[in-house]
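Trainee: I am new to this structure and would be grateful for a close look at a single helix, set in the context of the whole chain. Please take the salt bridge within that helix as the starting point.

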Amino acid sequence: MNVARIPLIVVAAALVLTGCGQVERPYSPRQAAEAAAPEQEPEQSGADDYKPAEPDAGSGDEPDTALKPGSGTQTIKVGDDLKLRIEWPDDPDPRLKVAAEYYVGTRKAVVEGKDTYDHNLELDAAVRASDWVRGVTEDNKTFRGVGRIYDLKVVASVGRGSEIWWCVDETGMRLIDATTGKAIRPQPVWTREQYGEGVAARRGDDGVWQIRMFTPGAEGCTR
């Protein structure tokens, strides 16, 4: 673990317990603003017909419709054109499910054309997640292809609070126009490199884990 980041983990966990203030951060994945105004790249011939990478050959897994934490890779089918893969660690910690639900849920909300997402999110986190979803769908955009999350881990725990990190690989996904089905050009940066996300979550009196805030998350996410 990066020693320089330990104080942030402790602060985030403490805030989960006390509810005092929020840790501000650039919202990920790569900002709703990037989806609306992607990083510039050279135009390419036939760019509108660009198709994202297909699922790994020989994976042998059939798409599911619900999260089932367990060792190995699970594939979730979202609509007709998007698959999301969760690479669960061996003997996964039950707390990791709240992170995977958030990842799958926000992408599903986009595919379904919704403008909010608040499942198991406390107020500030729900606002930020909804802003991200709305930032994509209000411009009539959606996703196609294959996305995945990996290296999920609980990095800190204090009482009922925990901080969870994971890595995201959406290089096999494309942002597309929901009406025409054509890829948006230029594509945003998250289609070209992996990135990290993180959340601080809290277990309620009912035993349900909810995300309270977003944290900088994992670094050095490469495959």
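Mentor: Asp124 and Arg128 both belong to helix H4, where they stand 4 residues apart, about one turn of the helix. The model is a predicted one, and in it the side chains of Asp124 and Arg128 meet in a salt bridge, with 3.1 Å from N to O. Two general points explain such a pairing. Side chains of opposite charge can pair when their charged atoms come close. An α-helix has 3.6 residues a turn, so residues three or four places apart point the same way.

The two partners differ in their cover. Asp124 has a relative accessible area of 26% and is therefore partly exposed, whereas Arg128, at 16%, counts as buried because the limit for buried is under 20%.

Arg128 is one of several buried residues in this helix. The buried residues of H4 are Ala125, Ala126, Arg128, Ala129, Ser130, Trp132, Val133, Gly135, Val136 and Thr137. As for its dimensions, H4 has 15 residues and spans 21 Å from its first C-alpha to its last, close to the 21 Å expected at 1.5 Å a residue.

The part of the chain that precedes the helix also deserves attention. Asn120 lies in the loop between H3 and H4. Its phi is near 55 degrees, a positive value in a residue other than glycine. Most residues other than glycine have a negative phi, and most peptide bonds are trans. With a relative accessible area of 17%, Asn120 is buried. Leu121 touches Tyr102, Ala126, Ala129, Gln210 and Ile211, leaving aside residues up to four places away in sequence. Of these partners, Ala126 and Ala129 are among the buried residues of H4.

Leu121 leads on to the interior of the protein. The largest nonpolar core has 40 residues, and those with the most contacts inside it are Leu84, Ile86, Leu121, Phe143, Ile149 and Trp166. H4 (123-137) supplies at least two residues of this core, as do helix H3 (96-111) and strands S1 (72-78), S2 (82-88), S3 (141-158), S4 (161-177), S5 (195-203) and S6 (209-215). The largest share, 9 residues, comes from H3. A second, separate core of 6 residues includes Tyr150, Val155, Cys167 and Cys221.

The chain as a whole gives this helix its setting. The protein chain contains 4 helices and 6 strands, which follow one another in the pattern α-α-β-β-α-α-β-β-β-β. Of its 223 residues, 50% count as buried. Among contacts between residues at least 6 apart in sequence, 63% join residues at least 24 apart. The accessible surface of the chain comes to about 10500 Å², and 48% of that belongs to carbon and sulfur atoms.

The pair in H4 may now be set beside other salt bridges, of which the count comes to 13. In helix H3, Lys97 forms a salt bridge with Glu101, the closest N and O atoms being 4.0 Å apart. Because Lys97 and Glu101 are 4 residues apart in helix H3, about one helical turn separates them. Lys97 is partly exposed, at 32% relative accessibility.

A salt bridge of another kind joins two loops. Arg160 and Asp205 form a salt bridge in which the closest N and O atoms are 2.4 Å apart. Arg160 lies in the loop between S3 and S4 and Asp205 in the loop between S5 and S6, so this pair ties together parts that are 45 residues apart in sequence. Arg160 is partly exposed, with a relative accessible area of 35%, while Asp205 counts as exposed at 72%. In addition, salt bridges that share partners join Lys108, Glu112 and Lys114 into one network.

Finally, two further details of the backbone may be placed beside Asn120. Asp151, which lies in strand S3, also has a positive phi of about 55 degrees although it is not a glycine. Asp151 is partly exposed, with a relative accessible area of 39%. In the loop between S4 and S5 lies Pro186, and a cis peptide bond, with omega about 0 degrees, joins Arg185 to Pro186.

Definitions and conventions. Residues numbered from 1 in each chain as written. Predicted model: local features only at pLDDT ≥ 70, side-chain atom pairs only at ≥ 80, totals over all residues. Heavy atoms only, no water. Buried < 20%, exposed > 50% of the residue type's maximum accessible area, 1.4 Å probe, protein only. Contact = heavy atoms within 4.5 Å. Areas by Shrake-Rupley, 256 points an atom, 1.4 Å probe, with all protein chains shown as cover. Core = buried A, V, L, I, M, F, W, Y, C linked by side-chain atoms within 4.5 Å. Expected span 1.5 Å × (residues − 1).
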